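Trainee: I would like a close look at one part of this model rather than a tour of the whole. Please start from a single contact and work outward.

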Amino acid sequence: MTGGFLTDKQASYGWMFKLSEWAHYSTYDIGLNSGSSASHIVVFDRKSKRLVEELIDGKIVMSMRAIYQSKIGLHLMDKGAKEILHSISEKQGRKMNSVESAKEIPKFLEFFKDQINLAEVKHPLDHFKTFNEFFIRELKPSARPVAMVDRDDVAVCAADSRLVAFRSEEDSKRFWIKGKKFSIGGLLGNDPSCSNFKDGIVVIFRLAPQDYHRFHFPVSGTIEQFKDVSGCLYTVNPIAVNSKYCNVFTENKRVVSIISTVSFGKVAFVAIGATMVGSIAFVKKTGDYVNKGDQFGYFSFGGSTVICVFEKDSIQIDEDLLANSARSLETLVQVGTTLGIATKV
């Protein structure tokens, strides 16, 4: 620890963190400003109850801002860069599945040395023969206990991630998603069977490269369907999501699944691909009954996002998550921690 911060770099921004904590977030709108227009991203760690900085290479931030925060950048995307992103993702995927890629693991761990706990990992490092094997690593069962495991009316977080949650589609666009064309219908692939999610509750789980990259069920129920929706591979970083020039969640490649539950009605679970994440894998199938906290699938190399959509008025999201989200501030959460309680029971 460095003066209460997790890294030396965070300590160098110490005045900003102290100011925002002193102000109790009432006058310093830190989340969206940092995510979309500054050189770093700040999130609220639910476990430590502190603001922390998300590590990301400064050159990458500058590149994303040049592309996603300008008309010129998005014009270039329309002129063929989307196909380039697909090509890069496929090439990087092959590279990270090669035996030679294993030598990247120590470098990755050094860069994220304060954010990856090897004691939680199920297998020792020498078990992983490629970088992707390490990237989709499993954790020990005890590492992510499921909150209120015997209560199906309590939903849990679906991923180790940075979370924002909104009571409605309108709130999500007001506080977080700036693309002009976002809609729940568009997110779900405009499938007529998804009409019951109109005016639904939106929960976004954004995974960063250093995170545990397996996603889990937030609720117990039966998987009714899977639907593949083709699309682009934009980054899911807030810099792109907060861009008014593109619509990341309704344009990216994604898989939509519908879970039928007793406590929450139907729940849509959307796994979204992103730059350098060409592969989304599932370990469950249509017709399976699942328990909340069960593993659902995983993303290959890169960062990506899961979005859950609940029917209108079916869940009361935990107040701390809603309060942070209303300030455009992501909350750092872990799989299995509480998300909200059913209101229809």
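**Around Asp160**

Mentor: The side chains of Asp160 and Arg144 make a polar contact at 2.7 Å. The model is predicted, and that distance is computed from its atoms.

Asp160 sits in a loop, with strand 3 (154-156) on one side and strand 4 (161-166) on the other. Its relative accessibility is 6%, so Asp160 counts as buried, the cut-off being under 20%. Leaving aside residues up to four places away in sequence, Asp160 touches Arg144, Leu207, Asp211, Tyr212, Val333, Gln334 and Val335.

The reason to begin here is an annotation. In UniProt, an unreviewed entry places the feature "active site" at Asp160, His216 and Ser304. These positions are spread over 145 residues of sequence, yet they cluster in space, with a largest C-alpha distance of 14.0 Å. From this set, Asp160 belongs to the lining of the second largest pocket.

Take the other two positions in turn. His216 is part of strand 6 (residues 214-216). With a relative accessibility of 9%, His216 is counted as buried. Its contacts, again without residues up to four places away in sequence, are Ala158, Phe269, Gly293, Asp294, Gln295, Phe296 and Val335. Val335 is thus a contact of His216 and is also listed for Asp160. Ser304 belongs to strand 13 (residues 304-310). Its relative accessibility is 0%, so Ser304 counts as buried. Ser304 carries a further annotation from the unreviewed UniProt entry, "modified residue: Pyruvic acid (Ser)".

Now the pocket. The second largest pocket has a volume of about 740 Å³. Its lining has 30 residues, and those nearest its centre are Asp45, Gln115, Arg144, Leu332 and Gln334. Arg144, one of these central residues, is the partner of Asp160 in the polar contact at the start. Gln334, also one of them, is among the contacts of Asp160. Strand 1, strand 2, strand 4 and strand 15 each give two or more residues to this lining. Strand 2 gives the most, with 3 residues.

Those strands lead into the sheet. Strand 1 covers residues 41-45, and 5 of its 5 residues are buried, so the strand is largely enclosed by the rest of the structure. In a regular strand, side chains alternate between the two faces of the sheet. In strand 1, Ile41, Val43 and Asp45 are on one side, Val42 and Phe44 are on the other, and all are buried, so both faces are covered. Asp45 is also one of the residues nearest the pocket centre.

On one flank, strand 1 runs antiparallel to strand 2 (residues 50-54), to which 5 bridges join it. Val42 has Glu53 as its bridge partner in strand 2. The two strands form a hairpin with 4 residues between them, and Lys49 in the turn has a positive phi of about 60°. Strand 1 also pairs with strand 15 (residues 331-333), here in the parallel sense and over 2 bridges. Phe44 stands opposite Thr331 in strand 15.

Just before that strand comes a loop, between helix 12 (319-326) and strand 15, which holds Ser328. Ser328 is buried, with a relative accessible area of 5%. Its side chain reaches the backbone oxygen of Phe175 at 2.7 Å.

The wider setting is an open sheet of 10 strands in the order 2-1-15-4-5-13-9-8-7-11, with mixed pairing. Strand 2 and strand 11 (289-290) are the edges, and each has a single partner strand, so one side of each lacks a neighbour in the sheet. At the far edge from strand 2, strand 11 is joined to strand 7 (residues 221-229) by 2 bridges in an antiparallel arrangement. There, Thr222 has Tyr289 as its bridge partner. Strand 13, which holds Ser304, is also a member of this sheet.

For scale, the protein has 12 helices and 16 strands. Of its 345 residues, 54% count as buried. Among contacts between residues at least 6 apart in sequence, 77% join residues at least 24 apart.

Note on methods. Residues are numbered from 1 along each chain as its sequence is written. This is a predicted model: local features need pLDDT of at least 70, side-chain atom pairs count only at pLDDT 80 or more; totals for chains, interfaces and linings use all residues. Side-chain values use heavy atoms; hydrogens and water are left out. UniProt positions are given in the numbering used here, feature names are shortened, and annotations may be inferred rather than shown by experiment. On a 1 Å grid over the protein atoms alone, a cavity is a set of points where a 1.4 Å probe fits but cannot get out, and a pocket is an open set with protein on both sides within 12 Å along at least five of seven lines; lining residues have an atom within 4 Å of a point. Buried means under 20% relative accessible area, exposed over 50%, partly exposed in between (1.4 Å probe, protein chains only). Contact means heavy atoms within 4.5 Å. A polar contact is a pair of N or O atoms within 3.5 Å; within protein, one must be able to donate a hydrogen and the other to accept it, and residues adjacent in sequence count only if both atoms are side-chain atoms. Two strands pair if DSSP finds at least two bridges between them. Grid points are joined across faces, edges and corners, and a volume is the space filled by probe spheres set on the points.
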